Amino acid sequence: MQLTQRSQTMTRLNPATTPRHQLRAEKARRNREAALNAFIGKKAEIDEMLARLQALSDDHFNCPPDEVGWAMVGSLEYYASQLKRITDSAFSEGEYAE
């Protein structure tokens, strides 16, 4: 599913001459559009973070094999625990299971 930001310039309705139901419908439309734009923006942020993490992982977290030590293992353990919290929440697993 491809989502793109939409921007429409629409003149505001005159509250004095526009029926209430039409005003409410226009407010709801603007609210949905704002929510969609915010969603797309947050999704782009997440996509960028995931790409950076993947690149870091591909580069072995900037740690040459001959320099691996327990400190690096601890760092990876921390990263993994944080990612597990995110994936558990996203997929309703672990403590988020229903």
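Tutor: Before we start, a pocket here is an open set of grid points with protein on both sides within 12 Å along at least five of seven lines, and its lining residues have an atom within 4 Å of a point. Keep in mind that this is a predicted model.

Student: Okay, which residues line the largest pocket, and which element gives the largest share of the lining?
Tutor: The lining is made up of Ile46, Met49, Leu50, Arg52, Leu53, Leu83, Ile86, Thr87, Ala90 and Phe91. Two elements give two or more residues to it, α1 (20-58) and α2 (70-90). The largest share is five residues, and it comes from α1.

Student: How do the residues of that lining divide into nonpolar, polar and charged, and what is the volume of space in the largest pocket?
Tutor: Arg52 and Thr87 are among the lining residues. Arg counts as charged, and Thr falls with the polar ones. The split is eight nonpolar, one polar and one charged. As for the space in this largest pocket, it comes to about 340 Å³.

Student: What about the second largest pocket: which element gives the largest share of its lining?
Tutor: This pocket has a volume of about 200 Å³. Its lining takes in Leu50, Leu53, Leu56, Ser57, Phe61, Tyr78, Tyr79, Ala80, Gln82 and Leu83. Both α1 and α2 give two or more residues, but the largest share, five residues, is from α2.

Student: How many charged residues does the lining of the second largest pocket have?
Tutor: Ser57 and Gln82 are part of this lining, and neither Ser nor Gln is on the list of nonpolar or charged types, so they count as polar. By class there are eight nonpolar and two polar residues, and the number of charged ones is zero: no charged residues.

Student: Which residues form the aromatic cluster?
Tutor: Searching the whole structure turns up two aromatic pairs. Rings pair if their centres lie within 6.5 Å. One cluster is formed, and its members are Phe61, Tyr78 and Tyr79.

Student: What span does α1 reach from its first C-alpha to its last?
Tutor: The helix α1 has 39 residues. The expected span is 1.5 Å times one less than the number of residues. That gives an expected 57 Å, and the helix comes close to it, reaching 57 Å.

Student: Which residue follows α1, and what is its phi?
Tutor: Just after α1 the backbone has a positive phi, near 55 degrees. The residue there is His60.

Student: Is Glu26 buried or exposed?
Tutor: Glu26 forms a salt bridge with Arg29, with the closest N and O atoms 2.7 Å apart. Both sit in helix α1, three residues apart, or about one turn. Glu26 also belongs to a salt-bridge network with Arg29, Arg30 and Glu33. Its relative accessibility is 11%, and because the cut-off is under 20%, Glu26 counts as buried.

Student: How many salt bridges does the search of the whole structure find, and how far apart are the closest N and O atoms of Glu45 and Lys42?
Tutor: The search finds six. Glu45 and Lys42 are three residues apart in α1, so about one helical turn separates them. At 39% relative accessibility, Glu45 is partly exposed. The closest N and O atoms of this pair are 3.2 Å apart.

Student: And in the salt bridge of Lys84 with Asp88, which residue counts as buried?
Tutor: Their closest N and O atoms are 3.0 Å apart, and the two are four residues apart in helix α2, about one helical turn. Lys84, at 46% relative accessibility, counts as partly exposed. At 8%, the buried one is Asp88.

Terms used:
Residues are numbered from 1 along each chain as its sequence is written. This is a predicted model: local features need pLDDT of at least 70, side-chain atom pairs count only at pLDDT 80 or more; totals for chains, interfaces and linings use all residues. Side-chain values use heavy atoms; hydrogens and water are left out. On a 1 Å grid over the protein atoms alone, a cavity is a set of points where a 1.4 Å probe fits but cannot get out, and a pocket is an open set with protein on both sides within 12 Å along at least five of seven lines; lining residues have an atom within 4 Å of a point. Grid points are joined across faces, edges and corners, and a volume is the space filled by probe spheres set on the points. Rings of Phe, Tyr and Trp (its six-membered ring) pair if their centres lie within 6.5 Å; planes under 30 degrees apart count as stacked, over 60 as edge-to-face and the rest as tilted. A salt bridge is a side-chain nitrogen of Lys or Arg within 4 Å of a carboxyl oxygen of Asp or Glu. Buried means under 20% relative accessible area, exposed over 50%, partly exposed in between (1.4 Å probe, protein chains only).
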